[in-house]
Amino acid sequence: MSAAKKSSPAVETRAPQETAELIGQGQAEAALIAAQKSGRMPHAWLFHGPRGVGKATLAYRFARFLFAGGHTGQGEGGGLFGDAEPVETLALDPEDPVFRRVAASGQMDLSVLSRGVTPQGKPKRDIAVEDVRAAIDTLRLTSAEGGWRILILDSADDLNPSSANALLKILEEPPQGAILLLVSHRPGALLPTIRSRCRNLPLRPLAPGEVESLLAEHRPELAMEDIATLARLSEGSIGRALELCDGGGLELYREVVSLLESLPRLDVGRLHGLGDRLARDTSGAAFRTFGELLTAWLARMIRANSLAESGGGILPGEEALMRGLMERRGLAPWLALWEKLVRTFAQTEAVSLDRKQVLIASFLEMQSLAGTAAGKRA
């Protein structure tokens, strides 16, 4: 493991409503600016894409832009007679009064809808229909500042069937002067009627260099080697990269790869040790990270083989390891195992299976495949 370079303490990650910068989403930002300039603003937008690429940040950025006048002369930032400078960005100065009010949850015409937490401080399972109805009621009120009334829903994936149907009603009959900004990580799981009543705005995964730049800014103590590894593991999501960094994901990934390298002579002692450590984490976060890292590793191996391309490996020697495992058994058995493990890890969380036993069983199945040459039965 590389040593971290000596530097200043890590910078605290800012919440989306407090974040001024947005990297890598210029195309989405340009679409929003064009809609505002056209004078035909859609009443609902669906910002969708992978987790951690800036969807919520863009939603707040757009809301601030509109509250500040949207360069149409309606608010604090526009020219009354159309003499404002042409605008090519949604950015607002962090010292602007609108920026400050939004960051402090003090913008009267902005409502935010999310799962929230229970009285015990735990995240709620979903967004209740009562919360959706209350948010809708605020959109029907007269604007306190004479401009837009905006609702940010982060995220629409957390709606249950009843709350989704309640939202659909206002999408079908939106109040005048109201805009809904929906954030979704899995738009395909939303009601088709919700998707069809929104202007869809995809946000792309960030380029590795963009993730590296953000990591260097937010976690300046990291060594460059670790930054590059986290950027590739994140698959274009700065949010995911920061989660892996702060949750020990980089060290866990290296341990997973090391165990894979021992196949088919699996180091059972190390495997049990890893299982014990993950089982001791009562939050389950470490086990979830393990499941995501392992299934993503298998997916990259399968993708590299099926497309006959390189680049599946992240650490030195990984590509050779992937080729060797694939040559031992072929594509179909590894694909079937990947599908099985994805289901197994999801069921582990849903029905509280024994995490250590799931981890051990997963590696034993991989050991069985790795120990069988192609063309022979496992």
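I take buried to mean under 20% relative accessible area. I am working on a predicted model.

**Entry: strand β3**

I checked β3 against that cut-off first. I find 5 of the 6 residues of β3 buried, so the strand is largely enclosed by the rest of the structure. β3 covers residues 149-154 and pairs with β2 in the parallel sense, over 4 bridges. I looked up two positions of this pairing. V112 has I152 of β3 as its bridge partner. S111 has L151 of β3 standing opposite.

**Entry: the sheet**

Next I wrote down the strand order. I read it as β2-β3-β4-β1-β5, an open sheet of 5 strands with parallel pairing. The edges are held by β2 (110-113) and β5 (199-202); each has a single partner strand, so one side of each is left without a neighbour in the sheet. From one strand to the next I get an average twist of 20°.

**Entry: helices on the sheet**

I then asked which strands are touched by helix α1. Helix α1, residues 26-38, packs on the sheet and touches β1 (44-48) and β5. The direction of α1 makes about 150° with that of β5. I also looked at helix α4, residues 129-139, which packs on the sheet and touches β2, β3 and β4 (178-184). For α4 the angle is taken to β3, and I note about 160° between the two directions.

**Entry: E318**

I looked for a charged side chain that is buried yet has no salt bridge, and E318 is one. E318 lies in helix α13, which spans residues 318-329. What is the nearest side chain of opposite charge to E318, and how many Å away is it? I find R300, at 4.2 Å. A salt bridge needs a side-chain nitrogen of Lys or Arg within 4 Å of a carboxyl oxygen of Asp or Glu, so I do not enter a pair at 4.2 Å as one. The side chain of E318 does reach a backbone atom, the nitrogen of L315, at 2.4 Å. Leaving aside neighbours within four places in sequence, I list Y253, V257, W297, R300 and G313 in contact with E318.

**Entry: salt bridges**

My count by the salt-bridge rule comes to 16. I looked up several of the pairs.

- R14 forms a salt bridge with E21, and the closest N and O atoms are 2.5 Å apart. I have R14 as partly exposed, at 31% relative accessible area. E21 is also partly exposed, at 27%.
- R204 meets E210 in a salt bridge, at 3.0 Å from N to O. R204 counts as partly exposed, at 37% relative accessibility.
- R240 forms a salt bridge with E243, and the closest N and O atoms are 3.5 Å apart.

I followed the last pair further. Where do E243 and R240 lie, and how many residues apart are they? Both are in helix α9 (residues 238-246), 3 residues apart, which is about one turn of the helix. Is R240 buried or exposed? I find R240 buried, with a relative accessible area of 18%. Its partner E243 is exposed, with 52%. The pair does not end there in my notes: R240, E243 and E292 are linked in a network of salt bridges.

Methods:
Residues numbered from 1 in each chain as written. Predicted model: local features only at pLDDT ≥ 70, side-chain atom pairs only at ≥ 80, totals over all residues. Heavy atoms only, no water. Pairing = 2+ DSSP bridges. Axes fitted to C-alpha atoms, helices over the stretch in contact; angles between N-to-C directions. Contact = heavy atoms within 4.5 Å. Buried < 20%, exposed > 50% of the residue type's maximum accessible area, 1.4 Å probe, protein only. Lys, Arg positive; Asp, Glu negative; His and termini not counted. Polar contact = N/O pair within 3.5 Å; in protein donor to acceptor, adjacent residues only side chain to side chain.
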